[in-house]
Amino acid sequence: MGLNNILYDLRIEQGLSQKQLAEAIGVSQSTIAKIEVNRNEATASTVRKLAKYFQVSADYLLGLEDEFGTETADGTERT
């Protein structure tokens, strides 16, 4: 699972619109939308902001570890 899917799931679990999340972390709504549809990659700065906002690790957002902090197989994205 990639950042786009993880971000979407976290946002929906929190009951947030793209606009609400964007305002909360200081980016544009289109930035969130483009990440969620996998049109653009998130910058390191945006990944940091998202990790801090959702209180998860950057590795979790990037699909390098699961929700329990366990590294995924071969350090690759989960499928």
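Which residue forms a salt bridge with Arg11? Keep that in mind as you click through this predicted model.

**Stop one: the charged pair.** Select Arg11 and Glu36 and show their side chains. Glu36 is the salt-bridge partner, and the closest N and O atoms of the two sit 2.6 Å apart. Now colour by secondary structure: Arg11 belongs to helix 1 (residues 3–13) and Glu36 to helix 3 (residues 29–36), so this contact ties together parts that are 25 residues apart in sequence. No need to hunt for others, as the structure holds one salt bridge.

Switch on a surface next. Are these two buried or exposed? Arg11 has 7% relative accessibility, so it counts as buried, the cut-off being under 20%. Glu36 comes out at 11% and counts as buried too.

**Stop two: the rings.** Move along to Tyr53 and Phe54, which make up the one aromatic pair in the structure. Turn the view until you can see both ring planes: the arrangement is edge-to-face, with 90° between the planes and 5.1 Å from centre to centre. Check accessibility here as well. Phe54 is buried at 10%, whereas Tyr53, at 33%, counts as partly exposed.

**Stop three: a polar contact.** Finish by selecting Glu65, in the segment that follows helix 5 (58–61). What does the side chain of Glu65 touch? Add Ser57 to your selection: the two side chains make a polar contact at 2.5 Å. Glu65 has 16% relative accessibility, so this residue also falls under the 20% cut-off and counts as buried.

Conventions
Residues numbered from 1 in each chain as written. Predicted model: local features only at pLDDT ≥ 70, side-chain atom pairs only at ≥ 80, totals over all residues. Heavy atoms only, no water. Salt bridge = Lys/Arg side-chain N within 4 Å of Asp/Glu carboxyl O. Helix = DSSP H or I, 4+ residues; strand = E, 2+ residues; numbered from the N terminus. Buried < 20%, exposed > 50% of the residue type's maximum accessible area, 1.4 Å probe, protein only. Phe/Tyr/Trp six-rings, centres within 6.5 Å; stacked < 30°, edge-to-face > 60°. Polar contact = N/O pair within 3.5 Å; in protein donor to acceptor, adjacent residues only side chain to side chain.
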